[in-house]
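Student: I keep meeting labels like "buried" and "salt bridge", and I never know what earns them. Can we go through some together?

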Amino acid sequence: MPPDQDDVPSTAPYSIEPEPGRVREPYYSRLVMIARTMDPVRAGSRFDHLGTGFLLGPRMVLTAAHVLNRHGLSGNVKVRNRLRTVTADGWVNCRVLWTHDSYDAALLLTEDDLAEVADDRHFSDPRWAQLTGDEPLSPCHITGVIVANETSPRASGHLAGTLHPSTQPDTSYEFEPSLPLAQPHNSKSFARSMSGAPVFYGKFLLGFVIAMRNDRSGRPRFAVTGIDTLANDRGFTKACSPYMRQVPLLHPLPVAPSAPTGDGHASGGPAGRQPPRVFISYAHEDDTSVHTEQVRSLGELLRAEGIDVRLDQLDAEAPRDWTAWMRQGMETADVILVIASPAYKRRAENPEADPSVGVAFEARLLRNELAHAPTNESQRILPVLLPGSTSKDLPSFLRPLRPLVISPITRTGADQLLHRLTQGSSAEDRTDPAEQAARRFTALAEHSWRAGHRAEALATADHAIEIYRRLASNNPVDYQPPLATALITQSDRLAGTGRSDSALHAAHEAVDISESQAQSDPDVFRPTLAMALSTLSNRLAETGERKQALAAAERAVMVRQQLANTGPIPRTYDLARSLSNLSNRLADLGRRQEALSTINDAVALCRQAAETNPDTFLPGFATMLNNQGTALREAGQPTEAVNVIEEAVLVCRQLAQTDPDTFFLTLASTLLNLGSALSELDRHGEALSTTKEAVTFYRQLAETSPDTPSPRLADALHNLSLRLSEFGRSAEAFTTIDEAIAIRRHLVATNPDPFLPDLAQSLSAAAWLRTSQRQDLDTALDEANEAVEIFRRLEEQLPTVFTSDLQQAQSVQAAALDGLGRSDEADQIRSQTPPPHRNAMDVRIQTEHGDPEELQSLLQQLEEEPTLRGQARIVPVAPKGALGTAALIALEVAVPGGPVLVPLVVALTAWLRRRKARTAVEITTADGRQVTVSTQQPDRVRAALESLLGQED
């Protein structure tokens, strides 16, 4: 339906400057007018005013989503913030960056800056805030762009009033104007103009208008979506990150009951702040104990100083549900004081020792909060030592936090606590400016990393680490723990950017620091030591030091076991994670049965934790099940693997329904693993559909940052090409692997170190797909040549890691040359391939028809087993043997022997099961003994090899 004539002004004659004598509204220069222009070229063109927006950054506009849906978005939707005479040359094109219908919120991204980039500090205000408690907040202000008639120009619709917590499920707040709205402010056009208008309290942004409604008495109220709702939405913050230096922290606003000032404006900031709400968590020693009286005295002292205290001794007059009282008190508190005592430590760490269940319940809530924010950055949890208590009286999970000593319990003794409560809890209130800087650098590094600005994140984190080093040199007790944590995080980031040497160095330093601290106070610092050891294990594995990696993982498990023997469920879960890491290290060394046994133990512990506290531990349980499925696949138990991974998929789907932004990624990776497991059981149709679903998820995730290539999408496409090939859909397989290669080339162009191996893997896979189908062999040879060249360079740097990859790529290269009729060159490549390590257990494998493609396929299967990587090669053989004269080439395999014979059994069995036509394989030892196995009896492989090689697992 077209807009009314009086609602479609012409651009030429209208001005929206402030009224004469009127004080300009807060952040006036940040207001944005959103409109649909009919003909933006012609100066007198008409436009349809859609609503108001507010600049969160030079190019990013926040508004209500429904303003974009008016009239079906026909015409040119543009924005402007030069709010003077509206002429055609002031409009800027924009596109929708993010939208959420439930919040009625949208982000627009403009083609050009609407504010000077050099003035980026301009966007540090207003600070983002949320209204806490149930009381209204006043004076608040709404500022929206409107277009009046020619005789009554107006800069904006500006209203002062009160912000109320909303009683409606679809909105955060309701804004009640202080004065009745006069014409034309109560018109539909005014309500439309105010859609998207920001809501302020002094220098705080609280939200934006989504609708104007009338209450039961007919008075207008504005529905408001809170900025806190958006700040807690992962999709919103992810969309903001590339275009803001930092998504602001939320400031809790106390109630300010003062009336509006005479001019209808805030006086420059919140006035009349009420003290924060404090919850005191402690243990009753007994009804007459000195400790209980101390806690009561502290509560009375704080109340006498005007603090809003929640303490059972002071609030017990009325009967209530105490569990609900504890939960509500802790969830709504600005600060939680945890009073140290022997009884509190005992009951928090051993819930069965708490007859009242109170301490155990409160401790569980505290652990959950720290599990999501282990550094307690908000300073909401504050351990307190009263006279007679020491830090050893705190539960172990709280001891890394710095306690506050109150002695005596008087106004003077509690002065530091009172200052802490009344002056705020941000990092800026800490006394040491160097520590403040380190914390800010740490937060900025995390933000930059999540936004994809990796180089900036690494440099910023280095600044934080250097500050912590200086602080730790003078005060190791307080500052070595955050230094070790920062080094662990930096090690993971460095590894993610391919800087393996620096990542390994950071992990070593973290372990050294944690070990020295753990010797002085093991209860506090052993968790950090275990985390550092696991990180070191990962770094060593990535650089090919697999035995050292295993040793570090084993040490991490030992530390976690010591902690778990005396700790609560979170420590049991941490032990499960360390066991999972140990399983990976065992698998790297080919010790598959031990790896499987270890991951089984990890899953059992994790299942116990998830059953006790699913909100916290169910995501980790899903990941652990996925790892268990991988271990079962590698141990030659594909049926069991599918069952386990299917359970993981069910858990991930359940999690993704409640929080899709967080868990779609976990679901997608689990589906990829399930697709591979189904393929090993020849369930190719299910494998293909499962892998395609994973690719769909990865595409959706990639669309949130269309300008940034997704390495995970490339991984999924690589897998999908293999599934398509297995299903006989070669053309689609080629297209899919080509897309994966294109993404990986883009990644390598910007950051080669971490992504170059993946590119070479995809090039090798693409060459093999084309060679096996005898299609486009020239392209296949080019891809194989490039893969060989990349792996050759990588192998020079890390020979134990990339030697097998190089040999496999050379094998594909030779197969492509064979397909092109260049057999002499293929034989030369095979002859130049370094022979694997030889021993008495060498075997030669020949297929029934001597088909080079079959042998190449079997070679690939063998190379999937880490123990056999680099141990097999294709060699020419004399035309003789039980399989006739056709076998002119064979596989030569150096079998490691011992219990590690299992990988050869696994690989041969899987390969035979996947053959569609009848195939026989002859296995010959160095001394001439032979056995033959076939597709008709794939389960006989184990017994045949044990008989041939005289070994038992």
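Tutor: Let's take the labels in turn and check each against its cut-off. Keep in mind that this is a predicted model.

Student: Okay, start with burial. Why is alanine 602 called buried?

Tutor: Buried means under 20% relative accessible area. Alanine 602 has 0% relative accessibility, so it counts as buried. You'll find alanine 602 in helix H17, residues 592-612. In space its C-alpha is 6.0 Å from that of serine 580, though the two are 22 residues apart in sequence.

Student: And what makes lysine 238 partly exposed?

Tutor: Partly exposed is the range between under 20% and over 50%. Lysine 238 has a relative accessible area of 38%, so it falls in that range. It belongs to helix H3, which covers residues 234-240. Lysine 238 is also one of a surface patch of positive charge, together with Arg234, Arg454 and Arg712.

Student: What makes that patch positive?

Tutor: Its members are Arg234, Lys238, Arg454 and Arg712, and Lys and Arg count as positive.

Student: Now salt bridges. How do you know that glutamate 739 and arginine 699 form a salt bridge?

Tutor: The test is a side-chain nitrogen of Lys or Arg within 4 Å of a carboxyl oxygen of Asp or Glu. For glutamate 739 and arginine 699 the N to O distance is 2.8 Å, so the pair passes. Glutamate 739 sits in helix H23 (residues 730-750) and arginine 699 in helix H21 (residues 684-703), so the bridge ties together parts that are 40 residues apart in sequence. Both ends are partly exposed: glutamate 739 at 27% and arginine 699 at 32%.

Student: Which pair has buried partners, and what makes them buried?

Tutor: Look at arginine 770 and glutamate 783, whose closest N and O atoms are 3.0 Å apart in a salt bridge. Arginine 770 lies in helix H24 (residues 752-772) and glutamate 783 in helix H25 (residues 777-797), 13 residues apart. The relative accessible area is 6% for arginine 770 and 9% for glutamate 783. The limit for buried is under 20%, so both earn the word.

Student: What about glutamate 825 and arginine 822: why is that a salt bridge?

Tutor: Their N to O distance is 2.7 Å, and the cut-off is within 4 Å, so it qualifies. Here glutamate 825 is partly exposed at 34%, and arginine 822 is partly exposed at 33%.

Student: How many salt bridges does the whole structure have?

Tutor: The search finds 27. Glu174, Glu176 and Arg221 are even linked in a network of them.

Student: Let's switch to the sheet. What makes S16 and S19 edge strands?

Tutor: The open sheet has five strands in the order S16-S15-S17-S18-S19, with parallel pairing. Strand S16 (308-310) and strand S19 (404-405) each pair on one side only, and that is what puts them at the edges.

Student: How do you know that S17 and S18 pair?

Tutor: Pairing needs at least two bridges. Strand S17 (residues 335-339) and strand S18 (residues 381-385) have four, in the parallel sense, so they pair. As an example, isoleucine 336 has isoleucine 381 in S18 as its bridge partner.

Student: And what joins S15 to its neighbours?

Tutor: Three bridges join S15 to S16, and four join S15 to S17. Valine 278 stands opposite valine 309 in S16, while isoleucine 280 stands opposite leucine 337 in S17. Strand S15 (residues 277-281) is mostly covered, with four of its five residues buried.

Student: Last one: what makes arginine 774 and aspartate 776 stand out?

Tutor: Most residues other than glycine have a negative phi. Arginine 774 has a positive phi, near 55 degrees, and aspartate 776 has one of about 50 degrees. Both are in the loop between H24 and H25. Arginine 774 has a relative accessible area of 53%, and exposed means over 50%, so it counts as exposed. Aspartate 776, at 44%, is partly exposed.

Notes: Residues are numbered from 1 along each chain as its sequence is written. This is a predicted model: local features need pLDDT of at least 70, side-chain atom pairs count only at pLDDT 80 or more; totals for chains, interfaces and linings use all residues. Side-chain values use heavy atoms; hydrogens and water are left out. Patches are made of residues with over 30% relative accessible area and no salt bridge: like charges are joined within 9 Å, nonpolar side chains (Val, Leu, Ile, Met, Phe, Trp, Tyr) within 5 Å. Accessible areas come from the Shrake-Rupley method with a 1.4 Å probe; for residues, only the protein chains shown count as cover. The place of a charge is taken as NZ of Lys, CZ of Arg, CG of Asp or CD of Glu. Helices (H or I, at least four residues) and strands (E, at least two) are DSSP runs, numbered from the N terminus. Buried means under 20% relative accessible area, exposed over 50%, partly exposed in between (1.4 Å probe, protein chains only).
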